[in-house]
Every structure is written in C-alpha cells, then in structure tokens.
Amino acid sequence: LAAGNGALGRRDYAAALAHFESIPHDMRDPQLHGMVGFLYLETGDLAKSVANLGLALMGNPADPTSRQNLDFCLKEIKKLRREDDSPVWGLVLQRLEAFRLVSVIARKGRKADVARFEELLRAAADDEDTIVAIRAAAIAVVEAIQPNLPEAADRIAAAAADRKSVVSGKSVDLGGRRNSKKKKEKKKTDPPGEMAAAQYSRLRM
C-alpha cells in the first residue's frame, strides 16, 4: 500500500487508484473499498464509486465517510440525469439505494426501512449486475435484522432467492464515467471529498 499512500498524499488520485486496484479483491477490507470508492468519485466514475462504497458499507455500515461519499454520488447522479436520460443511471441509483438502506437498517433497524428494502428488492430492474448487487445487499440486511426481525429476514432472503434468475444477454455498460471540467472544479472544494482524503491519507493494511 505504500505506493498508493504516496500517490494519495500527493493528491495524484489516478495513480493512487491504480495502485489500490492492483490489490486482490480477497485482500481488501471495508476501509480499502471505501478508499477505492472515494478515488473513483474523484476521478469521475460514479458507477464504480457507488459499487465500491457499497462494499465498504456492507462490511462496515457505520462508516460515516463512505455514507457521506455515497450521498455525494447521489447528488451528482441526479444532476447528470437532467442532461443524460440513459437508463444506466436508473440502474446505478437502484444499487445506490440498496447500499444506503443496508447502512440505515444495520444502524437503526427500523421496520419502515426494512419494508422499503423489500420493495426495492422486488422492483429492481432485470439487469444482471444490478440484481447481483442488490442480492449482496439483501444478505447484509438479513444478517443485520435476523435477531430482532426474523420474519422480515426470512421474507428478504426468499425474495433475494427469487431474483437470482435474471434476463439473459449482455448487460448494460455501467462504466458511468463523466469528466466535465465543471464537475472537477466543484469537487476540488467539496467538503465530503476533502474529508475523505484526510481520513484515508494514512491508509494501512
């Protein structure tokens, strides 16, 4: 991680991302997923940022920085949808909402949030990558609520199993990269991004 930390200290986010992405997935912990999510956010790939921030929150639902960065992704995607009506963003938003609910449910355990997750799980688009992401979120939700809401946990587990089979064929390209100068200038002064850089600047195994 030394090379990635060095690049991060220089704010060379593209180089830091390349170093951290070279680490095998089975060696990554929630903090590293959150770091990679932040770096994708800073380098303009919102879809991959959401995916990695989701992994961070499924591993550590209480992580405040990943929650804040996921909220920032939500704001950016909503802005993009005003000028880009690609179905890609609707799929990414479904994943984002699932990851957000994992964090909320694990921390607060409210029945209303559990019901919202059940609704999202059943209504999710038949896109393979989206179903995989939401089923992973469902597993995290089931683990979080099993002790106190066992019946809801059983319903979610059953619904997740029902969504295992998705439409065949090639899924939509979910790269989601958008690198406008306007966005870059805004992110230089955005508080969540600066906070994340400060928190993760000393990332270690």
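In this predicted model, E97 has a relative accessibility of 16% and is therefore classed as buried, the cut-off being under 20%. The residue belongs to helix α6. Its side chain makes a polar contact of 2.9 Å with the side chain of R100. Beyond the residues up to four places away in sequence, E97 touches R116 and L120.

Helix α6 also has a role in the nonpolar interior. The largest nonpolar core holds 42 residues, and those touching the most other members are V50, I77, F117, L121, I145 and I156. Two or more residues of this core come from each of α4 (46–59), α5 (64–81), α6 (87–108), α7 (111–123), α8 (128–145) and α9 (150–162). Of these elements, α6 gives the largest share, with ten residues. It is worth pausing at F117: once neighbours within four places in sequence are set aside, F117 contacts A98, L101, I105, I134, A137, A138, V141 and I156. A separate, second core comprises 13 residues, among them A7, A16, L32 and F38.

The packing of α4 against α6 rounds out the picture. The axes of α4 and α6 lie 9 Å apart and form an angle of about 20 degrees; α4 is therefore roughly parallel to α6, as angles under 35 degrees are counted. The crossing of α4 past α6 is left-handed. On the α4 side, the residues involved are L46, A47, V50, A51, G54, L57 and M58, and they meet W89, V92, L96, F99, V102 and S103 of α6.

Methods. Residues numbered from 1 in each chain as written. Predicted model: local features only at pLDDT ≥ 70, side-chain atom pairs only at ≥ 80, totals over all residues. Heavy atoms only, no water. Core = buried A, V, L, I, M, F, W, Y, C linked by side-chain atoms within 4.5 Å. Buried < 20%, exposed > 50% of the residue type's maximum accessible area, 1.4 Å probe, protein only. Helix = DSSP H or I, 4+ residues; strand = E, 2+ residues; numbered from the N terminus. Contact = heavy atoms within 4.5 Å. Polar contact = N/O pair within 3.5 Å; in protein donor to acceptor, adjacent residues only side chain to side chain. Axes fitted to C-alpha atoms, helices over the stretch in contact; angles between N-to-C directions. Parallel < 35°, antiparallel > 145°, perpendicular 65-115°, else oblique. Left-handed = near helix turned anticlockwise from the far one by under 90°.
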